[in-house]
Every structure is written in structure tokens, then in C-alpha cells.
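Visitor: I'd like to understand the words people use when they talk about a structure like this one. Could you walk me through them?

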Amino acid sequence: MEQLINDLKLQIKEALNLEELSLEEFDENAPLFGDEGIGLDSIDVLEIIVLLEKNYGIRLANPKDGRAIFQSVKTIAEYVQANRKK
Amino acid sequence: MIHVVATNITSPLGFTTEENYQAILSGRTALHRYEGLWGLPEPFAASLFSEEQRAMLAIEGYTFFEALAIRSIRTALTYTSLGNSLSRIVLILSTTKGNIEALGEELYYPSKAAQRIAEAIGLTTKPIVVCNACVSGLSAQLLADRLLSANLYDYAIVVGAEVQSKFIVSGFQALKAVSEEPCRPFDIERNGLNLGEAAATIVFARTSDKESWQLTHGAVRNDAYHIVSPSPQGDGLTNAINAVMEGRDKSLLATVCVHGTATLYNDQMESKAIERANLSDIPLSALKGYYGHTMGAAGVLETILTMIATDDGIILPSKGFTEPGVSGKVSISSEPRKTSKRAFLKLMSGFGGCNVAAIYEKTTDNELQTTNKTTLVKAHTIRISSEEGLTLTDIYKQQIGNYPKFYKMDLLTRLAFVATELLLKDGQWSMVNGQLPVIFFNHSSSVVADRMYFDTIRDAENYFPSPSVFVYTLPNITTGEVAIRHHLCGETSFYILPDKDEALMKQILEASIARTGTPTAISGWVDAESETCFECELSVYNII
């Protein structure tokens with residue numbers, strides 16, 4: 001699980017061009033959206049959906065289903081663990 | 001105030017305005033469901049020309065996009081005579097992706113297509129391409145008004161055209177904006193837009209000696225909220241509507257022809273703006289259920305249909321609508337309604353946060369109105385080019401910083417962003433009520449982002465269309481990012497020219513400022529051909 005969390009942090013940082021966020025600062029429990037946490041927006045969600053399909057073979061057709069999954073890197077990792085095809 | 005002298009719509013529903021009007025009156029739609037087309041893995045509904053229609057419209061030596069525009073203009077011109085003063089006629093081409101299928105070739109460049117179209121119809125003046133995302137078709141008509149009212153030309157041929165492709169459809173699918181079924185504007189069950197192809201032409205004249213439709217007033221306002229998502233309360237659209245309705249009697253309006261893309265966010269936002277602008281009781285018409293979103297053509301096509309219908313005493317039914325699914329109070333119907341009024345309001349909103357409202361009136365008032373000559377001077381200029389050897393990231397790190405979104409932008413947007421930061425650094429310019437217009441020009445459109453996006457869809461084995469790259473395949477996103485950063489809620493416009501013609505740029509800018517009435521503007525050239533070939537020269541202009 002820890003490895004998966006670290007992989008996801010790296011993949012998200014790269015795919016979303018989070019240049020100024022260091023991996024050390026990237027807390028897997030921090031909320032991804034809103035001013036409190038990482039501060040991602042609606043296009044970032046769509047890009048994470050692409051990333052999950054590309055790297056883990058997970059297809060998420062409706063971004064609305066993603067609300068619970070995309071709370072934090074931790075919740076994404078749990079979802080990937082349970083649903084990954086590759 | 002300019003006069004409509006001829007129109008044409010060339011769409012899958014017909015090749016003349018009349019054929020199109022009759023088709024939608026009889027309830028036809030051009031929308032069909034496609035599965036597996038262009039190798040796209042997900043199905044979609046769209047309004048596309050049939051193979052037979054494509055063959056009928058094709059012109060040897062021209063791309064289908066160019067042929068479509070040429071056919072539409074030629075048909076419109078059969079209804080009018082423009083006289084012999086070719087130097088007094090300008091072609092304004094409204095398109096978002098033009099010849100995108102020719103990416104990698106000279107034909108890709110939108111001004112190249114515009115020049116070829118202009119030559120084919122015998123014009124000698126330099127064409128102007130309006131590339132303002134979904135609002136382009138209205139922006140192009142506003143530009144026509146500005147250029148004619150400044151007495152720079154006698155006629156403007158405004159043609160909006162769009163041809164669909166894997167590039168565009170995959171991008172909107174990546175944004176999860178496309179419906180598999182014919183779209184349902186303002187409906188509770190709406191689940192996305194459909195894309196469509198069409199060309200539509202309006203020939204405008206500076207003067208007219210008979211009763212005619214006139215574009216009486218238009219306004220562009222930016223949300224300064226997000227580059228893709230509209231402001232939830234419809235701030236920019238409300239401001240645009242209020243700007244054109246100020247001092248006007250709303251009871252004269254037959255209808256408000258909305259943008260109505262049938263995405264959750266657009267229609268909801270529009271309903272809020274209409275309610276906030278106190279237009280809840282004016283009948284709406286939403287026309288995307290017939291043609292889908294024809295992008296660069298949409299603003300022209302929907303304006304023409306609304307004129308013809310209003311002439312006929314009809315408010316067009318909103319196909320696809322059954323049950324209201326927006327929270328703002330609006331009056332919308334899937335049945336035709338009657339009207340005896342002679343004016344309407346047209347709305348469009350699009351990526352980059354831009355919103356346009358325009359009022360059209362049928363009138364015999366032919367008093368020639370020429371705008372006062374506005375003269376602008378450069379108060380401050382910033383130049384950045386690839387020849388200086390610094391990368392934009394270097395400049396950002398050394399002189400700007402603290403705006404992590406910089407790293408998400410494509411090259412063109414970074415260029416515009418960095419230059420604007422340096423331009424407005426001392427803070428004395430951006431204080432004009434947030435209404436400072438941002439008007440950019442270039443030659444290469446969004447070629448760098450287009451190449452990057454194409455790389456994500458090129459290979460069927462490795463097909464992962466990137467939504468965040470696709471967004472930047474609209475060059476006017478540059479104006480949106482600048483508007484967001486500096487809270488600029490005034491006009492944002494993006495024009496593409498054959499070359500960096502400073503005299504023409506200044507004419508367009510001065511004619512625009514004569515209309516917006518703002519004392520200051522940010523404008524200039526923002527062009528990026530590649531990581532090693534870019535040029536930006538932006539200025540703050542003041543009226544003298």
C-alpha cells in the first residue's frame with residue numbers, strides 16, 4: 001500500500017504539473033480539493049481519471065462517481081488496490 | 001449599428017437559410033448517434049454531413065472546411081450585390097479549429113485558410129480570423145460592427161464554419177462533456193453537448209436604404225473565474241446582458257436565443273444570468289437540439305435562424321427540452337410560440353470564461369452612425385522572444401513566482417501570462433474597475449498545444465486523450481488566464497492574422513475601444529510556433 005501511495009503521488013504530481021509541490025510535502029491524507037489541501041480543480045480530476053486508466057486499467061466513465069474516490073491520495077490508493085486491472 | 005443584407009446556412013439539414021428554417025420548423029434534427037466513427041472508442045451523437053453531401057459541397061483544390069465556407073459565402077452573395085469597391089469589403093472568419101486535420105502543414109494555419117477563402121470569393125483585403133472559443137460567431141459579428149462603424153469598410157462578410165474530427169470530439173469526450181444521445185438543452189435529463197458541422201454567413205453593410213435586421217448593440221464580458229467552468233452565478237453573462245440592455249425596453253424582445261449547450265453547468269449558469277438580468281419572462285429558444293454545437297459557426301447560424309423565425313412571427317421551439325432542469329427562472333418550451341415583436345437578444349458563453357450578448361432589431365431606422373475616432377497610444381510595452389535565450393520558466397522563477405498554475409499552462413499561455421505579469425507589475429494599470437479589455441493577436445493559433453494534444457490521440461494502442469492539454473487547443477484561453485489572474489471582467493478577444501500587421505491590429509483595437517468605451521486596454525501579439533520560436537509584444541494602451 002505504501003508503495004502504491006508513493007507511486008500515485010509521483011504520477012499525480014507529474015500528470016498535473018504540480019511543480020512546486022514536493023513529494024515530502026504531499027500528504028496522502030490531505031484533501032485534494034478546496035483551499036485547505038492540494039487545491040485541485042475539475043480538469044485535474046479528469047486528468048486523474050486518464051491516469052488511472054493508463055496506469056491501472058481502471059475505467060471511470062462518470063466523473064461524478066469520483067467524488068468519494070478523489071478525496072485524498074489515500075482514498076485513491078484504496079480504490080486502485082480494489083479495482084486495478086494491471 | 002450595422003445592417004444584415006444577406007445570409008446563408010449550409011448544414012446537414014440544407015444548403016440555404018430557407019431550407020434550414022423549414023427543416024427545423026418541421027421538427028427535424030441533424031443529430032445522429034455514431035459508434036466507432038474515426039476509431040473513437042466511445043459512441044457520441046453529432047450533426048455531420050453525409051458522404052453524399054460532402055461530395056456535393058467539395059471544391060477541387062480546397063479542404064472540405066474551406067469549401068464549406070466558400071459555398072456558404074457564395075450562396076449568401078447571390079442575394080446581394082456588393083458593388084465593385086473590393087478594398088472596402090472585409091472577410092471575418094469565425095472558427096475554433098479550422099483546418100485542424102492539416103496539422104503539420106501550412107494549410108493548418110487559420111489565417112491561411114481565411115486567405116484562401118477570401119481569394120476564392122475575389123476579395124483583396126486581409127481577412128481576420130476570430131478564435132474566441134464557443135462565442136466566436138458572435139464576437140465575429142461584433143467585430144464587423146466595429147470595423148464598419150469606424151468606417152474602415154463598407155461591407156463585412158462574416159462566415160462561421162466548423163468541420164468535426166477525431167481531434168475535436170475526443171477532446172470534448174475527455175472533458176466528459178459529450179452526450180451519446182441527442183442533447184436536451186435546459187432539461188432535467190440533460191447530460192452533455194453534441195458537436196456539429198456547418199457553415200453560416202451573414203453579409204453586413206454599413207448603410208441600408210430599406211428595412212433590415214440590424215445588430216444594434218453587443219458586449220463581451222469575462223467571468224475571470226475558471227478557464228473551462230462557467231461562473232456558477234453567471235457573473236460574466238449577467239454583466240454582458242446588463243451592458244446591452246441598459247436603457248432598453250425588454251418588452252420589445254421577442255426571444256432570448258440562448259447558448260444552451262445542454263451541459264449541466266452551461267445551462268444552469270445561463271438560467272441564473274437570465275434571472276439576475278430580470279429576463280425570466282422573455283421566451284427562450286435553445287437551438288442545439290437541431291444542430292448540436294457547431295462551435296465557430298454556432299453564433300452566426302443561430303442568429304440567422306432567430307432573425308428568420310422572428311420575421312415569420314415564430315419563437316423557435318427548443319428541441320430536446322421537456323422538463324425544466326435549471327434553478328434560475330426561465331420561460332422555455334419545446335413547442336413553437338407566436339410573437340409580433342421585432343427584436344431579440346442572442347447569448348453565447350465559452351471556454352476562456354468569455355460571454356457575449358448581442359441585440360438585433362428589425363427596423364427602418366437607417367441613420368448612419370459612425371463611431372468617434374478613438375486614438376490610442378502605448379503607455380507601457382513588454383517584449384519577450386525566444387531570441388533572448390531565456391526560457392519562460394526562467395523569467396517566471398526570477399521575476400514572478402508564487403503562481404503554481406503557471407506550470408499547468410501551455411507554452412502560448414505561459415508566454416501571455418509572463419508578459420502580462422511584467423506589464424502590470426507596478427500595479428498602476430489594472431485598476432480600471434476590472435473592465436480593462438484584453439485583446440490578443442497571433443498567427444500560429446494554438447499550434448503547440450494542438451501538436452501536444454494530437455500526440456495523446458494519435459496512437460490507437462496508446463489512446464489517452466488529455467483533457468488538460470485539450471483545453472489549451474483554444475488560443476483564447478490565454479485571455480482567460482490573464483483575466484483570472486488580474487480579476488479582469490471586461491472584454492476578452494483573440495484574433496488571428498496572416499502576419500504581425502501592426503497597422504491592422506491598431507485599427508481593430510481602436511475600433512473596439514470606440515465601442516467598449518474603456519480608457520485603457522491590454523493588447524498585442526502573442527505567438528508561439530515552438531519551444532524555440534515564440535514572440536510576444538504586449539502593451540498597455542491609453543486613449544488620448
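**Why the labels fit**

Guide: Happy to, and let's begin with one residue: Ser445(B) counts as buried because it has 27 C-beta neighbours inside 10 Å. Keep in mind that this is a predicted model.

Visitor: What makes 27 neighbours enough for Ser445(B) to count as buried?

Guide: The cut-off for buried is 20 or more other C-beta atoms within 10 Å. Ser445(B) has 27, so it counts as buried. You'll find this residue in the loop between S18 and helix H13 (447-457) of chain B. Its phi is positive, about 50°, although Ser445(B) is not a glycine.

Visitor: Why is a positive phi worth pointing out?

Guide: Because most residues other than glycine have a negative phi. Another one to look at is Trp38(B), a residue other than glycine with phi near 55°. Trp38(B) sits in the loop between S2 and S3 of chain B.

Visitor: Why is Trp38(B) called partly exposed?

Guide: Count its neighbours: there are 13 C-beta atoms inside 10 Å. Exposed needs 12 or fewer and buried needs 20 or more, so with 13 Trp38(B) lands in between and counts as partly exposed.

Visitor: What makes S2(B) an edge strand?

Guide: S2 (31-34) of chain B pairs on one side only, and so does S7 (195-196) of chain B. They belong to an open sheet of 3 strands in the order S2-S3-S7 (chain B), with mixed pairing.

Visitor: How do you know that S2(B) and S3(B) pair?

Guide: Two strands pair if there are at least two bridges between them. S2(B) and S3 (residues 44-47) of chain B have 4 bridges, in the antiparallel sense, so they pass. In one of these bridges, Leu31(B) has Ser47(B) in S3(B) as its partner.

Visitor: What makes S20(B) largely enclosed?

Guide: Of the 11 residues in S20 (residues 520-530) of chain B, 8 are buried, so the strand is largely enclosed by the rest of the structure. As for its pairing, S18 (residues 438-442) of chain B runs parallel to S20(B) over 4 bridges, with Val438(B) opposite Ile522(B). S20(B) also pairs with S21 (residues 533-543) of chain B, in the antiparallel sense over 10 bridges. There, Ser530(B) stands opposite Cys533(B), and a hairpin of 2 residues joins S20(B) to S21(B).

Visitor: Is Ser111(B) buried or exposed, and how do you know?

Guide: Buried: Ser111(B) has 24 C-beta neighbours inside 10 Å, and the bar is 20, so the label holds. This residue lies in helix H4 (residues 110-120) of chain B. Leaving out residues up to four places away in sequence, Ser111(B) touches several others, including His443(B), Ile496(B) and Pro498(B).

Visitor: How do you know that the two domains of chain B touch?

Guide: Chain B is divided into domain 1 (2-363) and domain 2 (376-543). A contact needs C-beta atoms within 7 Å, and by that test 42 residues of domain 1 of chain B are in contact with 45 residues of domain 2 of chain B. On the domain 1 side, H6(B) gives the largest share, 6 residues. That side divides into 24 nonpolar, 14 polar and 4 charged residues.

Visitor: Which residues have the most contacts inside the largest nonpolar core?

Guide: Ile92(B), Ala156(B), Phe204(B), Val256(B) and Leu415(B), in a core of 202 residues. This core draws at least three residues from each of domain 1 and domain 2 of chain B.

Visitor: And chain A? What makes it as compact as a globular protein of that length?

Guide: In secondary structure, chain A has 4 helices and 0 strands. Its radius of gyration is 12 Å, close to the 12 Å that the globule rule gives for 86 residues, so chain A is as compact as a globular protein of that length. Of its 86 residues, 27% count as buried.

Visitor: How many residues does each chain bring to the contact?

Guide: Chain A brings 12 residues and chain B brings 14. The chain A side has 4 nonpolar, 2 polar and 6 charged residues.

Conventions:
Residues are numbered from 1 along each chain as its sequence is written. Chains are lettered from A and ligands numbered from 1 in the order in which they are written. This is a predicted model: local features need pLDDT of at least 70, side-chain atom pairs count only at pLDDT 80 or more; totals for chains, interfaces and linings use all residues. The radius of gyration is taken over C-alpha atoms; the globule rule is 2.2 Å times the number of residues to the power 0.38. Domain bounds come from an automatic or database domain assignment. Ala, Val, Leu, Ile, Met, Phe, Trp, Tyr, Cys and Pro count as nonpolar, Asp, Glu, Lys and Arg as charged, and the others, Gly among them, as polar. A nonpolar core is a set of buried Ala, Val, Leu, Ile, Met, Phe, Trp, Tyr and Cys residues joined through C-beta atoms within 7 Å.
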